[in-house]
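Student: I would like to go through this model with you. Could we test each label against its definition?

Tutor: Gladly. Here it is.

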Amino acid sequence: MLSTDSIGPSLGIDFGTTNSSIAFTRGNGEVELVSFPAGAATTESFRSVLYLEQHRHASRTQIKGFTGPQAIEHYLRAEHKGRLIQSLKSYLSSRTLTGTEVFGRRYTIEDLIARILTDLRLSAERQLGRPVRQATVGRPVRFVGAESVEDDDFAMQRLRQAFVHAGFESVEFEMEPIAAAYAYESTLDHDELILIGDFGGGTSDFSLLHVGPGVRARGRTAKDLLGNSGLGLAGDSFDARIVRKLVSPALGSDSLERSYAQARDRPASIIPAAPAWIYANLERWHYLSFLKTRNVAEILKSARARAQEPEKIEALINLIEEDLGYQLHQAVQRLKVDLSHHESAEFHFRDGSMDLVATVERKEFEGWIVEELQSIERCVDTLLATSNVPAREVDRVFLTGGTSFVPAVRRIFESRFGAQRVRTGNEFTSVALGLALRAEEVRLTGS
């Protein structure tokens with residue numbers, strides 16, 4: 001049984017695909033965010049990354065791990081790059097990808113995630129000045145890659161196990177869009193029927209529910225939640241389209257093998273220089289670091305020897321060997337942010353052997369992501385239909401998460417509910433704030 005001392009303030013943890021944050025309640029009902037060191041400054045948004053590097057000593061080899069801002073700092077400073085692993089949350093529903101080998105040592109996905117969660121816990125303990133052993137934790141409506149309830153349950157079990165490995169004794173889960181609703185509700189002086197749209201790196205989640213001071217005063221009931229829906233795509237899926245359209249062709253995705261022998265009466269056969277699956281993995285942040293294997297290196301060296309454009313394959317080899325996924329991710333993120341504020345923007349990515357510069361129009365980018373936008377539209381419309389709620393009866397739409405900045409995403413909601421009913425705020429911390437409020441409510445009311 002947990003001691004009163006170990007329970008402490010009500011804690012909410014948003015472990016995200018791209019960023020994580022922690023919030024806790026004070027005795028006066030105020031909610032506070034945990035701050036994390038980031039160079040000479042601090043941040044309330046902790047990058048969900050893990051960097052492992054190898055240190056050789058006279059008698060032994062040691063593997064050191066760093067997470068969050070420290071992981072990025074060590075990675076960027078390192079002359080010989082170790083392994084920078086991103087988007088670990090996206091692996092949780094996969095029954096085939098159980099772990100990976102780094103510097104000859106085997107790690108499970110739960111081990112890797114636990115390393116990040118441990119540092120999150122320790123940061124919270126330093127700010128609180130007391131042990132942290134329990135928390136209310138966010139979960140998506142649908143995990144990335146999950147195709148059934150069983151897949152979601154499997155992902156939940158793995159996430160819970162990672163928290164146990166990280167030193168937590170009690171973990172309660174809450175849907176991330178519902179947590180965001182708690183954060184929004186704290187700003188209200190009246191009751192509303194709201195639609196929450198929570199857009200993370202890996203998932204887009206939606207909840208339709210009644211909130212407000214009146215709802216809290218009378219006590220929440222199951223009828224207040226009208227429905228949840230979600231799908232395993234969001235910001236990372238948009239990133240993948242940018243990589244496919246801009247980066248992969250410069251790395252040889254459209255390049256062919258040279259024809260060494262050709263009959264006079266027939267054209268040369270068309271054979272890609274490098275396998276398509278390598279470029280498919282290049283599009284997904286959580287797979288990119290796992291391309292750094294001996295098998296992939298041998299495949300690409302052979303492809304370089306046969307390619308009509310060997311310099312492009314060489315650039316791909318360099319990107320993988322130097323583990324430049326973070327730099328690629330940053331270049332893609334800059335383009336998305338710029339296109340959210342301007343009608344056109346410049347994409348620039350340099351990997352040592354390639355210097356790629358391209359101007360992208362917002363309309364062009366929106367054409368690349370049209371299938372993802374349509375999936376989001378269908379998900380929202382299905383939620384309204386199954387909840388039997390016409391769009392006109394929704395008082396407010398609250399959008400949170402980085403992808404909510406994308407104008408084409410906002411238009412989905414403005415076209416259905418009107419721009420005056422759409423609100424945004426605390427895009428990277430609202431889920432953590434709401435989780436802490438939810439934890440406090442359960443502590444005080446028992447439900």
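Student: In what sense do strand S15 and S16 pair, and over how many bridges?

Tutor: Strand S15 (residues 204-211) pairs with S16 in the antiparallel sense, over six bridges. Pairing requires that DSSP finds at least two bridges between two strands. Strands (E, at least two residues) and helices (H or I, at least four) are DSSP runs, numbered from the N terminus. For one bridge, take Asp 205, whose partner in S16 is Gly 230. This is a predicted model: local features need pLDDT of at least 70, side-chain atom pairs count only at pLDDT 80 or more, and totals for chains, interfaces and linings use all residues. Residues are numbered from 1 along each chain as its sequence is written, and side-chain values use heavy atoms, with hydrogens and water left out.

Student: What makes S16 and S20 the edge strands?

Tutor: Each pairs on one side only: S16 (225-231) and S20 (422-424). The open sheet has five strands, in the order S16-S15-S14-S19-S20, with mixed pairing.

Student: Why is His 286 called buried?

Tutor: Its relative accessible area is 9%. Buried means under 20%, exposed over 50%, and partly exposed in between (1.4 Å probe, protein chains only). So His 286 counts as buried. The residue sits in helix H9 (residues 285-288).

Student: Which residues does His 286 touch, beyond those up to four places away in sequence?

Tutor: Gln 86, Ser 87, Ser 90 and Tyr 91. Contact means heavy atoms within 4.5 Å.

Student: Why is the largest nonpolar core said to lie between domain 1 and domain 2?

Tutor: A nonpolar core is a set of buried Ala, Val, Leu, Ile, Met, Phe, Trp, Tyr and Cys residues joined through side-chain atoms within 4.5 Å. The largest has 74 residues; Leu 195, Phe 206, Phe 347 and Phe 413 touch the most other members. Domain 1 (11-168) and domain 2 (192-213 + 220-425) both give residues to this core, so it lies between them. Those bounds come from an automatic or database domain assignment. A second, separate core of 42 residues includes Phe 15 and Tyr 91.

Student: How do you know that H7 and H12 are roughly perpendicular?

Tutor: The axes of H7 (residues 235-250) and H12 (residues 325-341) cross at roughly 100° and come within 10 Å. Axes are lines fitted to C-alpha atoms, for helices over the stretch in contact; angles run from 0 to 180 degrees between N-to-C directions. Under 35 degrees is roughly parallel, over 145 roughly antiparallel, 65 to 115 roughly perpendicular, and the rest oblique. H7 and H12 are therefore roughly perpendicular.
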